[in-house]
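Open the model in your viewer and keep the selection tool at hand. The stops below say what to select and what is there.

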Amino acid sequence: MDSSSQCDENSSSETDLDRSTVIDSIDFSRTISDVSSFSERSEDHSGPYDPPSHRGLWPPPRRPSPGLNRMSMKQRSTDVFHKKSPADDELELVKEKFSKLLLGEDMSGNGKGVCTAVAISNSITNLYATVFGTRHKLESLPLEKKSMWRREMDCLLSVCDYIVEFYPSTQTLPDGTAVEVMATRPRSDIYINLPALEKLDAMLIDILDSFHKPEFWYIDDGKKSFSSGSSSFRRLSHRNEEKWWLPVPCVPPDTGLSENARKNLQQKRDCANQIHKAAVAINTGVLFEMEIPDSFLATLPKSGKITLGDALYRSVSLPERFSPDQLLDQLNIGEEHDALELADHVEAAMYVWRRKASTHHSKSSWKMVKELVSDEDKNVMLASRAESLLLSIKQRFPALSQTTLDTSKIQYNKDVGQAILESYSRVLESLAYNIVSWIDDVLFADKSARKS
């Protein structure tokens, strides 16, 4: 009896030892990435178009993930002494996020959710709103927000590791025989754009982290500025009076910022502005490659003239030299809502003329053929002018919301890779634009203080 109990104790201790060894050896890092999903990202950033090292190995190496095994383990109700570690809480959060992602945002489980591409796009957009939606100042991100952004973005971007394309290659067997095989490599748009977006992301976070001890400060409530005897701040330093609820930047009175701080701010503004342009270029390219939904084409009118109106159509169709900037100056658009409405009309007319230009008809008369060729040339010219006008509108209003076509493309897109690139570039574009705007607010306050 004693020997058997001793054996039971030995086996129990060995089991506990093995269990503790397994738990201690668990690796929570992503298996197919150079960045951990649950830890801080490395500060060593490669160039904007240098892909991470693991993406050069295709197919990516596979190894068993103890973290996934642990995710499937359920807690026993009898283990009253078990305490959840921070890693357990993170695993529960990741399981919840990916469960909702796989359900396609349909919590009923009836299969009425959105497709995977739209679900991932919405997840990236919602994550950005959670982390940066309440930020209105030039200040470093809290550690928990930064950790959340990097951890969850790393999980969402891990899908791109498995979006590959096949290409013919040769493989040498051990006996020296060369055989033709189909190898895999990352899809070209992801291989080029994703490392660039990750680099832009890191640069924007670094810009925010650099404002840990600035020479300026903020007044969150406008009433405080009046009660503290600095009522001129609200009147002089706020660039946009319509957004009165935003915090007001304040600088040392009379002297303003130091020359060094002013120069540093301008450099960071230029950097953020270049990041914004790069993100806009990537987003525009991805949206251009997306298929145009049939629902959008079905709503197009039969004539571009009806879409634009008589006055705007005459300005676009005049045979003289066309200048989109002069036309926008004549229209005198003041609000972004009007600019977005104009962009929708111009974009719809552009596709109407493109569709007419690409339509071929069989004509029996040579005169009718010449008329058809003339109409096609005119439609091509009108479509080109509408495209240049649309580009000018977007350049003049950089914070312009998405057009009806862009929204329709995102809504009906089923390409997961394009959905990730589009949403990632869109949120980085928004963050870069906000940083530029916040820096302009501080520079405006500094200019106002030095004039007073």
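The tour goes from a pair of helices to the core and then to single residues. Keep in mind throughout that this is a predicted model.

**Stop 1: helices α9 and α17**

Select residues 259-289, which form helix α9, and residues 416-451, which form helix α17. These two helices pack with their axes 8 Å apart, at an angle of about 155 degrees. That angle makes α9 roughly antiparallel to α17, because any angle over 145 degrees counts as roughly antiparallel. The crossing of α9 with α17 is left-handed. Now colour the contact by residue type: the residues where α9 meets α17 divide into 17 nonpolar, ten charged and six polar.

**Stop 2: add helix α5**

Keep α17 on screen and add α5, residues 143-157. How do the axes of α5 and α17 cross? They come within 11 Å of each other and cross at roughly 155 degrees. The helices α5 and α17 are therefore roughly antiparallel. Here too the crossing is left-handed, with α5 passing α17.

**Stop 3: the largest nonpolar core**

Select F132, L138, W149, F216, L265, Y424 and I435. These are the residues with the most contacts inside the largest nonpolar core, which has 58 residues. In soluble globular proteins, nonpolar side chains tend to be buried together. Which helix gives the most to this core? Helix α17 does, with 17 residues. To see other contributors, show α4 (116-132), α5, α6 (188-209) and α9: each of these, like α17, supplies at least two residues of the core.

**Stop 4: S121 in helix α4**

Stay with α4 and select S121, which is placed in this helix. With a relative accessible area of 3%, S121 is buried, because anything under 20% counts as buried. Then select Q411, which is 290 residues from S121 along the chain. The C-alpha atoms of S121 and Q411 are separated by 9.4 Å.

**Stop 5: E105, ahead of α4**

Go to the loop between α3 (86-102) and α4, where E105 lies. Is E105 buried, exposed or partly exposed? Its relative accessibility is 42%, so E105 counts as partly exposed. A second residue to pick here is I120, 15 residues from E105 in sequence. From C-alpha to C-alpha, E105 and I120 are 9.9 Å apart in space.

**Stop 6: G304 in helix α11**

Select residues 304-308, helix α11, and pick out G304. This glycine is buried, with a relative accessible area of 0%. Add M350, which is 46 residues from G304 along the chain. The separation between the C-alpha atoms of G304 and M350 is 7.4 Å.

**Stop 7: N332 in a loop**

Move to the loop between α13 (324-331) and α14 (336-357) and select N332. What is the phi of N332? It is near 55 degrees, a positive value in a residue other than glycine. Most residues other than glycine have a negative phi. N332 counts as exposed, at 65% relative accessibility.

**Stop 8: two cysteines**

Finish by selecting C155 and C250. C155 is buried, with a relative accessible area of 9%. C250 is buried as well, at 0%. How many disulfides does a search of the whole structure find? The search finds zero.

Conventions: Residues are numbered from 1 along each chain as its sequence is written. This is a predicted model: local features need pLDDT of at least 70, side-chain atom pairs count only at pLDDT 80 or more; totals for chains, interfaces and linings use all residues. Side-chain values use heavy atoms; hydrogens and water are left out. A disulfide is a pair of cysteine sulfur atoms within 2.5 Å. Buried means under 20% relative accessible area, exposed over 50%, partly exposed in between (1.4 Å probe, protein chains only). Axes are lines fitted to C-alpha atoms, for helices over the stretch in contact, and angles run from 0 to 180 degrees between N-to-C directions. Helices (H or I, at least four residues) and strands (E, at least two) are DSSP runs, numbered from the N terminus. Angles under 35 degrees count as roughly parallel, over 145 as roughly antiparallel, 65 to 115 as roughly perpendicular and the rest as oblique. A crossing is left-handed if the near helix is turned anticlockwise from the far one by less than a right angle, and right-handed if clockwise. Ala, Val, Leu, Ile, Met, Phe, Trp, Tyr, Cys and Pro count as nonpolar, Asp, Glu, Lys and Arg as charged, and the others, Gly among them, as polar. A nonpolar core is a set of buried Ala, Val, Leu, Ile, Met, Phe, Trp, Tyr and Cys residues joined through side-chain atoms within 4.5 Å.
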